[in-house]
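Please open the model in your viewer and keep the selection panel at hand, since each stop of this tour begins with something to select.

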Amino acid sequence: MFEDYHFSENAKIITNKVPGEKSLELLAEQDQLESKNRSYPRGIPIAFESAKGATVKDVDGNIFIDFFSGCGVLNLGHNNKDIIKEIREFPDGIMHALDFPTKVKIDFMKELLSSLPKNLKGKYKISFGGPTGSDAVEAAIKLARINTGRHTILSFQGSYHGMTMGALSVTSSLKHREKVNPLIPGVHFMPYCSCYRCPMGMKNGKCNLECVHFIKNVLENPHSGVDKPAAIIIEPIQGEGGTYIPRDGWLEKVVDLARKNGVIVIFDEVQAGFYRTGKLFSFQHTNSVPDIITMSKGIGGIGLPLSLILLRNELDTWEPGTHIGTFRGNQLGMVAGLSAMKFVKRMNIENYVSRLEKLFLKELKSIQKKSKFIGEIRGRGMMFGVEYVKNKKTKEPFPELAKKIRKRCYENGLLVEIGGYYDNVVRLLPSLIISEKIARNGLNIFKNANTIASKPNKIGFLVAFLF
Ligand SMILES: Cc1ncc(COP(=O)(O)O)c(C=O)c1O
């Protein structure tokens, strides 16, 4: 399926080495013009020319298989031709409409609300803000504070919610926080259900969800030292943290605890949402329901900036204009988003993703079997994490190897990125419309990169480490 949505079935590296000369030129120019703040081209030094589906072309004509999809944005592929067609037909419409109603906006909202799971239908409204995931998180925090009159927020260790000051305040990465402190006060980080590295020190899978007990104590012990929170913000699957998928029942228990204690539940679905895990929201793999949902990334159809929150009707108490933003009416984003939602249904993406998930997990687990350094494979839908460790028993993180694997993949025509608590997880976020053939070819490149690196006594390993 989807064979004709990409440049080619396989990667094609036509330059002697990557980056090629033209990429190098643009990278050098970028270095002169753009702030040090840029990050991705440091790990993958490449200058893009064009892209199609699950493939991208660099300015030297090399074709790469893209297992990263703009960090989980291009769920329906680069320049998805069906969505592009609808965008091309739109130019006579209005492009920037602030928050005035337009036909496109109404159709977009109707489609999104009618796509909600049955038990949520009719119970939520939509609020638009600035066009980023961080902005949706800001809105969710504000709304929870306004509705409760409280300010404390519970978040989780290993979480990522964005880089604006409010969103960063609920993001756990010390690297990002330490130089810009103080952030917003009253945020406390709870242990996440990341069983491979259990924050409660329990053996993987052999526990009584002590991490939930910890949260119960924070919420219910009069001597917890934590003021009653306005909200708890949760990624139902941690993305940047390294694709951590909580144990069955964890999310339900945390949500029950929050409800019992009058705490608003925010699910951050910016990355795991919009069918990334096969369903509209990643929490649909559980029996839990949030009060506020953040969405961005995939909802812009082909990578157009769009973000929103869904809020329970009864939380819609804020004054008009409480959370505004000049670019909250991105019409083209809504055209693309609407078209994307229809595409998902027309093409039965949910089924396709569950087939692909099986293919990826089978291949990745067989790579893990042959590797001394892959501690764990985690995945749901098209969201995978491959965690590298120096020793499978001690689980000492191996970020250097994750980097080498990324480099080797890149040199052979596959784009992957790195995340995880210790930067030791290779993250795969392929497009949901990747063809089986491209998926297998990409996985083959990934397998070869691992094979070389997992032979510690062979020259290949030395070479991998020297360069
Ligand atoms: C779960 C989650 N929330 C929020 C954000 C922030 O989104 P943005 O980078 O668009 O501000 C991200 C970005 O990766 C994310 O993964």
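Begin at the boundary between the two domains of this predicted model, where 26 residues of domain 1 are in contact with 23 residues of domain 2. To see the elements on the domain 1 side, select α3 (69-72), α12 (349-369), β11 (374-380), β12 (383-388) and β15 (425-428), each of which gives two or more residues to the side that touches domain 2. Coloured by residue class, the residues of that side divide into nine nonpolar, nine polar and eight charged.

Next, colour the domains themselves: the domain assignment gives domain 1 as 3-73 + 349-466 and domain 2 as 86-346. Their C-alpha centres lie 27 Å apart.

From here, turn to the largest nonpolar core, which has 129 residues, and select Ala-140, Ala-231, Ile-266, Ile-292 and Leu-414, the members that touch the most others. Helix α11 (residues 331-346) gives the most to this core, with nine residues, and the core draws at least three residues from each of domain 1 and domain 2. In soluble globular proteins, nonpolar side chains tend to be buried together. Centre the view on Ala-140, which, leaving aside residues up to four places away in sequence, touches Ile-233, Ile-266, Ile-292, Thr-294 and Ile-309.

The ligand is the next stop. Of the 15 residues around it, Gly-133, Ser-134, Gly-162, Val-270 and Gln-271 come nearest. Select helix α6 (residues 133-148) as well, for this helix supplies three residues, the largest share of the shell around the ligand. That shell divides into four nonpolar, eight polar and three charged residues.

Finally, select helix α13 (residues 399-411) and place a distance between its end C-alpha atoms, which are 19 Å apart; at 1.5 Å a residue its 13 residues should span 18 Å, so the two values agree. Within α13, Leu-401, Ala-402, Lys-404, Ile-405, Arg-406, Arg-408, Cys-409 and Tyr-410 are buried. Is Glu-400 buried, exposed or partly exposed? Glu-400, also found in α13, is partly exposed, because 14 other C-beta atoms lie within 10 Å of its own, whereas a buried residue has 20 or more and an exposed one 12 or fewer. For a longer view, add Ile-83, which is 317 residues from Glu-400 along the chain, the C-alpha atoms of the two being separated by 39 Å. Just after α13, end the tour at Gly-413, whose phi is positive, at about 95°.

Technical notes
Residues are numbered from 1 along each chain as its sequence is written. This is a predicted model: local features need pLDDT of at least 70, side-chain atom pairs count only at pLDDT 80 or more; totals for chains, interfaces and linings use all residues. Helices (H or I, at least four residues) and strands (E, at least two) are DSSP runs, numbered from the N terminus. The expected span of a helix is 1.5 Å times one less than its number of residues. Domain bounds come from an automatic or database domain assignment. Two residues are in contact if their C-beta atoms, placed from the backbone, lie within 7 Å. Ala, Val, Leu, Ile, Met, Phe, Trp, Tyr, Cys and Pro count as nonpolar, Asp, Glu, Lys and Arg as charged, and the others, Gly among them, as polar. A nonpolar core is a set of buried Ala, Val, Leu, Ile, Met, Phe, Trp, Tyr and Cys residues joined through C-beta atoms within 7 Å. A residue is near a molecule or strand if its C-beta atom, placed from the backbone, lies within 6 Å of it.
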